[in-house]
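Visitor: I am new to this structure. Please show it to me, and then explain the terms as they come up.

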Amino acid sequence: MSRSERKWDHIRFALENRQNRSTVFDDIKFIHQSLPNINVSDVRLNYLIGELSLSSPIFINAMTGGGGEKTYQINKQLAIAAKHTGVAMAVGSQMSAIKDQTERYTYEIVRKENPTGIVIANLGSEATVENAKLAIDMIGANALQIHLNVIQELTMPEGDRDFFGSLNRITEIANGVDVPVIVKEVGFGMSKETVESLISAGAAIVDVGGSGGTNFAEIENKRRKQSLPFFNNWGISTPISILEAASIPNNIPIIGSGGFSSSIDIAKGLAIGASAIGLAGFFLQILVQDGLDALIEEINTLHSELTMIMTALGAKSISDLKHAPVIISGETYHWLTQRGIDTKQFSQRKIK
Ligand code: FNR
């Protein structure tokens, strides 16, 4: 199967596989405030994450490019939506365009459509410093994502089997490029130990990419003759991954992603420690099924709903939202207790 057929397979199966709204955030509940002492017009959604100045904490996470005309069209429309709504956008893995120059246009369109927006390059952890520089230059990127996708590769019939040396390559890339390096998972989450290793490798930001949303084990299992069903329920949920990463004293900026499709879950992700939230499958589904205008409308709706939620909590800024008191219960509480991560700090704090 050619690379571009595989890219299209991923999009097709990701859309077929979308279930109802993820429930992984149901264990997190905000404590209601009857006296928030705030006006809706006081709320600001902008935030500085590492060196990246975002006008919104919501962004379009890495999906596609490198699969010819169909992926060009998707990237073009995602870029138009990003420009209209002021959100940042990552492209899918650019290795295909590094190996085959004729695929460059499927990524370059993102910068053409959005000359001044925040655009993020993307490669896997097999990339070299040279590859990383090419990917960044290709789209004039403001940051580079390096994705970790061991479970996807293992489940993919034609996937990689050698994961040796990823951390060393990440260190070389972080030292060798002049934009911030974001290391991301693709839906299996990260433990605090993984995040600690990435900090020591020089990652500027981590995107925990937890389970609960797009499931690449299920997608790849559909493409296999003999499936590996044990990987379908593998991984660390998105809220647990954010809380694991946030428990590290070092304070590396955290991106939450994996399963976001509502403003309330976005608010919860930010409140428990993320500084930005990436959405992939949900935005792709709206774009492919309902079109560009519907995607722009959805992002605008998420912004206005997030503003309402922040008003209800008395949070004027994303920094305030990070102090909103929340109760953590259920399996998430059980996991964190087993891992020695304190949950009381979240329930007993307040917005000053
Ligand atoms: C992805 N994702 C992804 N990630 C990455 O780093 N490089 C890539 O090339 C791709 N390709 C890709 C294709 C498609 C069709 C989808 C839906 C997703 C993973 C994506 O960025 C994200 O980490 C996961 O999809 C989890 O987030 P959602 O989809 O649950 O919001």
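Guide: In helix 11, Ser263, Asp265, Ile266, Ala267, Lys268, Gly269, Leu270 and Ala271 are buried. The model you see is a predicted one.

Visitor: What makes helix 11 mostly covered?

Guide: Helix 11 runs over residues 263-271, and eight of its nine residues are buried. Buried means under 20% relative accessible area. Just after this helix, Gly273 has a positive phi of about 140°.

Visitor: Why is Ile240 called buried or exposed?

Guide: The cut-off for buried is under 20% relative accessible area. Ile240 has a relative accessibility of 4%, so Ile240 counts as buried. Ile240 is part of helix 10, residues 238-246.

Visitor: What does Ile240 touch, leaving out residues up to four places away in sequence?

Guide: With those left out, Ile240 touches Thr332 and Trp335. Thr332 is 92 residues from Ile240 along the chain, yet their C-alpha atoms are separated by 6.2 Å. A contact requires heavy atoms within 4.5 Å.

Visitor: How do you know whether Thr332 is buried or exposed?

Guide: Its relative accessibility decides that: Thr332 is at 3% and therefore counts as buried. Thr332 sits in helix 15, residues 330-338. Not counting residues up to four places away in sequence, Thr332 touches Val24, Asp27, Ile28, Ile240 and Leu243.

Visitor: Why is Asn37 called buried or exposed?

Guide: Exposed means over 50% relative accessible area. Asn37 has a relative accessibility of 74%, so Asn37 counts as exposed. Asn37 is placed in the loop between strand 1 (28-30) and strand 2 (47-49).

Visitor: What is the phi of Asn37?

Guide: Asn37 has a positive phi of about 55°, although Asn37 is not a glycine. Most residues other than glycine have a negative phi. Asn251, also a residue other than glycine, has a positive phi near 70°.

Visitor: Where is Asn251, in which loop?

Guide: Asn251 lies in the loop between helix 10 and strand 10 (254-257). At 66% relative accessibility, Asn251 counts as exposed, because exposed means over 50%.

Visitor: Which residues are closest to the ligand?

Guide: The closest are Ala62, Lys184, Thr214, Gly259 and Gly281, and 22 residues surround the ligand.

Visitor: What makes the pair formed by Thr214 and the ligand a polar contact?

Guide: A polar contact is a pair of N or O atoms within 3.5 Å. An N or O atom in the side chain of Thr214 is 2.4 Å from an oxygen atom of the ligand, so the pair meets that cut-off. A polar side-chain atom of Asn122 lies 2.9 Å from an oxygen atom of the ligand. For Gly259, a polar backbone atom is 2.8 Å from a ligand oxygen atom.

Visitor: How much of the ligand does the protein bury?

Guide: Taken alone, the ligand exposes 600 Å², and the protein buries 95% of that. Helix 1 (3-16), strand 8 (181-185) and helix 12 (281-290) are the elements that give two or more residues to the shell around the ligand. The largest share, three residues, comes from helix 1. By type, the shell residues divide into nine nonpolar, eleven polar and two charged.

Visitor: How do helix 12 and helix 13 cross?

Guide: The axes of helix 12 and helix 13 (residues 292-313) come within 7 Å and cross at roughly 140°. The contact residues include Phe282 and Phe283 of helix 12 and Leu292 and Ala294 of helix 13. Those of the whole contact divide into nine nonpolar, no polar and two charged.

Terms used
Residues are numbered from 1 along each chain as its sequence is written. This is a predicted model: local features need pLDDT of at least 70, side-chain atom pairs count only at pLDDT 80 or more; totals for chains, interfaces and linings use all residues. Side-chain values use heavy atoms; hydrogens and water are left out. Helices (H or I, at least four residues) and strands (E, at least two) are DSSP runs, numbered from the N terminus. Buried means under 20% relative accessible area, exposed over 50%, partly exposed in between (1.4 Å probe, protein chains only). A residue is near a molecule or strand if one of its heavy atoms lies within 4 Å of it. A polar contact is a pair of N or O atoms within 3.5 Å; within protein, one must be able to donate a hydrogen and the other to accept it, and residues adjacent in sequence count only if both atoms are side-chain atoms. Accessible areas come from the Shrake-Rupley method with a 1.4 Å probe; for residues, only the protein chains shown count as cover. Ala, Val, Leu, Ile, Met, Phe, Trp, Tyr, Cys and Pro count as nonpolar, Asp, Glu, Lys and Arg as charged, and the others, Gly among them, as polar. Axes are lines fitted to C-alpha atoms, for helices over the stretch in contact, and angles run from 0 to 180 degrees between N-to-C directions.
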